[in-house]
Amino acid sequence: MNIDTLQLVMVAVTGERSPERVLQSIVSGLTSPVGFALTRVWVLGPGDLCETCRLARACSDKSQCLHLAASAGRSGNDPSITWDKIDGDFARFPLNYRKIGHIGATGEALLIENVADDTQWMIDQDWAANEGIRSFAGQPLVFRGDVLGVLGIFCREHITTEEFRWLRIFADQAAVALANARAFAEIERLKAELEDENALLREEVTGFDAHQELLGQSPAMRHLLEQVELVAPTDAAILILGESGSGKELAARAVHRRSRRADRPLVRVNCAAIPRELFESEFFGHVKGAFTGAVRDRVGRFQLADRGTLFLDEIGEIPLDLQSKLLRVLQEGEFERIGEATTRKVSVRIIAATNRDLKAEVLKGRFREDLYYRLSVFPVSVPPLRERREDIPMLLAHFVREATHRLGVKAPSVSAREVSRLQHYNWPGNVRELGHVVERAVIMARGGKADFSFVTSSTPGLSKEENSKSSPDVLRDKELRAEQIANIRRALDETGGRIYGAGGAAELLGIPPSTLTSRIRRWKIRN
């Protein structure tokens, strides 16, 4: 062995910055140009191939073993035969088994000057004899007292004591290079992960006013806010029910801001906007090379929301085959990234939302029953705008201020007649539709008077005949209230005065029982 050449290889190894390149430089440098027949490096790692490992019976502790990470060599009988694969019979080595396992477990170097005379350590004596292997040198890769792996060298010449001492120096330098490369790789991984987290958090912040709150003083909204105040301090899973545009996300944010996790992020996932094949990656993340297009590690939403809150909007859109994996995270707080064997722990509070009837979805086999009950520990209903018409003036004022500030125009005046017009509209798009309508009216008003006649001229969802009948009739507030009272009385008559349960008046009217009870008390309705 040429010592000068060994020193050059040592310099080349320490110049590498990735663990893979360090390991490959070690084995290729010692095989050529130094001239060893076969050089291999095993690194310490978790037990992962126990069921198929050839040496599994010799492994007493299956929690960790030595993983073959780099190999280089060439047959002396047939130069076309190379030994550079790392997936053969010795891809894993149990600790304390034979020479490699002994070095890895004890951290003690081993020199066999004549392998033909020492049958204790060599597994494949025939291979050694056929290839003319004369000696073996094994050195632990030790960094700060920890064994990182084992360097194994098979040589067709005699390895002297002096050469063995130089190999010890080389192994120490190689261990430092490997540790440094791992540190560099970890820094790059954390940097990329931080960039992903920042990108995801920017998505959460974009388009959302952190000061937005649930607005309204109607009985239905007061009931909703009472529920929010009640459940927010706990870590219970919440299922928010409500029509599209009614304010389910605002309810979720209100819960998060009042929770013990308020200083951590609220991460939103719109389940309806994720392609089916990307659900698992979106939730749990992936490692580089896990699938076509995975050009870098990516953090998932669960990891991003660790110690915070994860808001799963449109939860009913999650594919059935992924629901079991979601359930596992909710139950055990564990997940794995795609392409990674490491199990990660997370502490995430789940708030789910849907405009679907999940109970019906369960009966149809489209939603897991166990997941439904796991999510709906505390169900919360957000009332549609048509059930809280008395909140429209407050919401109108809020949206006018918001639109004029955003558009940089003067606020228009809004007459009582226009407010009444909005209160008589059915609002199939709920609060979201109201916001869009107000912005359109602000643009058209040009600082003058707001005109909302374009809203009630045609009610979406009705036929032309129904629109022609309903649009001319504008009821005054007293007339509208009298009509609502009469409608409630008809419902109570039809149900025999029963409010709650299946077939009750609340179900018949399509409103929560609490809302109906509040209206009966406020309007002093006697049946």
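**Cores, a buried strand residue and a late helix**

In this predicted model, the largest nonpolar core comprises 33 residues, of which Ile-26, Leu-30, Val-41, Leu-141, Leu-151 and Phe-170 touch the most other members. Seven elements each supply at least two residues of this core: helices H1 (3-14), H2 (19-31) and H5 (161-205), together with strands E1 (38-46), E2 (64-73), E5 (135-143) and E6 (146-155). Helix H5 gives the most, with eleven residues. In soluble globular proteins, nonpolar side chains tend to be buried together.

Val-41 illustrates how such a member is surrounded. Not counting residues up to four places away in sequence, Val-41 touches Leu-23, Ile-26, Val-27, His-67, Leu-68, Ala-69, Ala-70, Leu-141, Val-150 and Leu-151. Apart from this core lies another, of 30 residues, which includes Phe-279, Ile-318, Val-329 and Phe-335.

Attention now turns to strand E11 (residues 309-313), where Thr-309 is found. Thr-309 counts as buried because its relative accessibility is 0%, against a cut-off of under 20%. The side chain of Thr-309 makes a polar contact with the side chain of His-256, at 2.8 Å. With neighbours within four places in sequence left aside, Thr-309 is in contact with His-256 as well as Arg-261, Pro-265, Leu-266, Val-267, Arg-349 and Ile-351.

Further along the chain is helix H20, spanning residues 513-522. Its buried residues include Thr-515, Leu-516, Ser-518, Arg-519 and Ile-520. Residues three or four places apart in an α-helix point the same way, because there are 3.6 residues a turn. Just after H20, Lys-524 adopts a positive phi of about 50°.

Notes
Residues numbered from 1 in each chain as written. Predicted model: local features only at pLDDT ≥ 70, side-chain atom pairs only at ≥ 80, totals over all residues. Heavy atoms only, no water. Buried < 20%, exposed > 50% of the residue type's maximum accessible area, 1.4 Å probe, protein only. Helix = DSSP H or I, 4+ residues; strand = E, 2+ residues; numbered from the N terminus. Core = buried A, V, L, I, M, F, W, Y, C linked by side-chain atoms within 4.5 Å. Contact = heavy atoms within 4.5 Å. Polar contact = N/O pair within 3.5 Å; in protein donor to acceptor, adjacent residues only side chain to side chain.
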